[in-house]
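Let's take a friendly walk through the empty spaces of a protein and the molecule that sits inside. Have the chain in view as you read.

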Amino acid sequence: MSQLETDLIHKGRAFNESKAVVSPIYQTSTYYADDDLQAYIIAATETKHPNFYHRHGNPTNSQAAAIIASLEDTEDALVLATGMAAISTAILALVKSGDHIITQNSLYSGAMLFFKEFLSDYGVEVSHVDQTDNAAFEAAIKPNTKLIYIETPSNPNLDVTDLAFIGALGKKQQITTMADNTFASPINQNPTSFGIDVVIHSATKYLGGHSDLTAGVVCGSKAYIHQVWRRSLVLGGSLSPFDSWLLLRGLKTLAMRVKQINSNALVLAKWFSQQAAIKHVAYIGLESHPQYALAQQQMRGGTGMLCIELVGEGEQAYKNAQQVLNKLEIFANAASLGGVESLVVHPASMWGSHHDQAQKKTSGITPGMLRISVGIEHIDDLIADFEQAMADVKA
Ligand SMILES: *Cc1c(COP(=O)(O)O)cnc(C)c1O
């Protein structure tokens, strides 16, 4: 097997049947039928067939999926229109009314809504536990538990879930385990090496990497991906040909981008920890992270995601965070993450409507917190930007 840097460029190349070095965009909804009727029947029924109808498959989608399956070391993968399409389709391929799911208190806000509002309306029971407490996952298991769904590091507060523990627990209890690996990216972490069954990505983030597309991917066994694909036919979240082509293009530089981002983020996190205007820095790659040792065991890099907590209490901290946000010039105030450009958000104001006060508390969102997605700009410019933005922050 080749190394992932090589797979990023060459895997799935056979899906490009043209002579073009760069795969063409198959901007078509449908494909000419094969003269051989038998072959056309196969095209209409085979999982992800790339030349029948777009909701079934597309050559570029197959190529992108082949690369990502290889990065996550799974038999197969399915690309979809968004990360949320991947999450919802993957879960609906596994659970039905009467089943029970165990998940974390801290989750991506869209996934949280899916668990709290959508699934509860359809008779699926969900328990939320503290992801840093292994015993809590085990204690939450019921006879009807079908899925343990985790996200690590979690969005936004960067808590780490013990992948090896969850992988082993799932195997022992015959419960499917699923991990959202968006924050880490496959460059920094591979959940399947710890026994996790299914890996999800919002490919909108690091995999695409240029903030110019939305996409999602589900990685798992061939049999399971077949089930997810069948669900996707009726839920309809197929990835558009153009976004798929952009994803393929973005993937080629994934390893380079993420390595540069890891390095920028570590330097920035260390600098933040010496600033008087900052009360707390949460970064996986800092020894001060309460789960540094666990992160070292299961991750190869710290990611570009970090959270800082500005000084001040309550209202003052909220004001300080807003003020810094407004003064930053390179870091753009925009949702999303994982692109080449550095972004920053203020979760307490952004997720005001998704999370009530109690939820904000359990998911670790505080008034003075800024969540930062570090890009590939020069590190000196990134530091200088925060230096000027924080110049007159008061406690
Ligand atoms: C953004 C994100 C998602 C959702 O992805 P979309 O592409 O926006 O639908 C899911 N999980 C995590 C961790 C994310 O950051």
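Helix H4 (83-92) and strand S6 (198-202) each give at least two residues to the lining of the largest pocket. Helices (H or I, at least four residues) and strands (E, at least two) are DSSP runs, numbered from the N terminus. You're looking at a predicted model, where local features need pLDDT of at least 70 and side-chain atom pairs count only at pLDDT 80 or more, while totals for chains, interfaces and linings use all residues. Residues are numbered from 1 along each chain as its sequence is written, and side-chain values use heavy atoms, with hydrogens and water left out.

So what's a pocket? On a 1 Å grid over the protein atoms alone, it is an open set of points with protein on both sides within 12 Å along at least five of seven lines; a cavity is a set where a 1.4 Å probe fits but cannot get out, and lining residues have an atom within 4 Å of a point. Grid points are joined across faces, edges and corners, and a volume is the space filled by probe spheres set on them.

The largest pocket holds about 320 Å³ of space. Of its 22 lining residues, Tyr108, Asn155, Ser202, Lys205 and Leu337 are the closest to its centre. Domain 1 (4-251) and domain 2 (254-389) both contribute to this lining, so the pocket lies between them; the domain bounds come from an automatic or database domain assignment.

Now for the ligand. It is surrounded by 15 residues, and the closest are Gly83, Met84, Asp180, Thr204 and Lys205 (near means a heavy atom within 4 Å). Here are some of its polar contacts, which are pairs of N or O atoms within 3.5 Å:

| Ligand atom | Protein partner | Distance |
|---|---|---|
| oxygen | methionine 84, polar backbone atom | 2.8 Å |
| nitrogen | aspartate 180, side-chain N or O atom | 2.6 Å |
| oxygen | serine 202, side-chain N or O atom | 2.9 Å |

Taken alone, the ligand exposes 380 Å², and the protein buries 91% of that (areas by the Shrake-Rupley method with a 1.4 Å probe).

How much space lies in the largest cavity? About 120 Å³. Its lining has 15 residues, with His56, Gly57, Asn61, Leu78 and Val79 nearest the centre. Helix H3 (59-71) and strand S1 (76-80) each supply at least two of the lining residues.

One backbone detail to finish: the peptide bond from threonine 152 to proline 153 is cis, with omega near -10 degrees. Proline 153 sits in the loop between strand S4 (145-151) and helix H7 (163-173).

Terms used
Polar contact = N/O pair within 3.5 Å; in protein donor to acceptor, adjacent residues only side chain to side chain.
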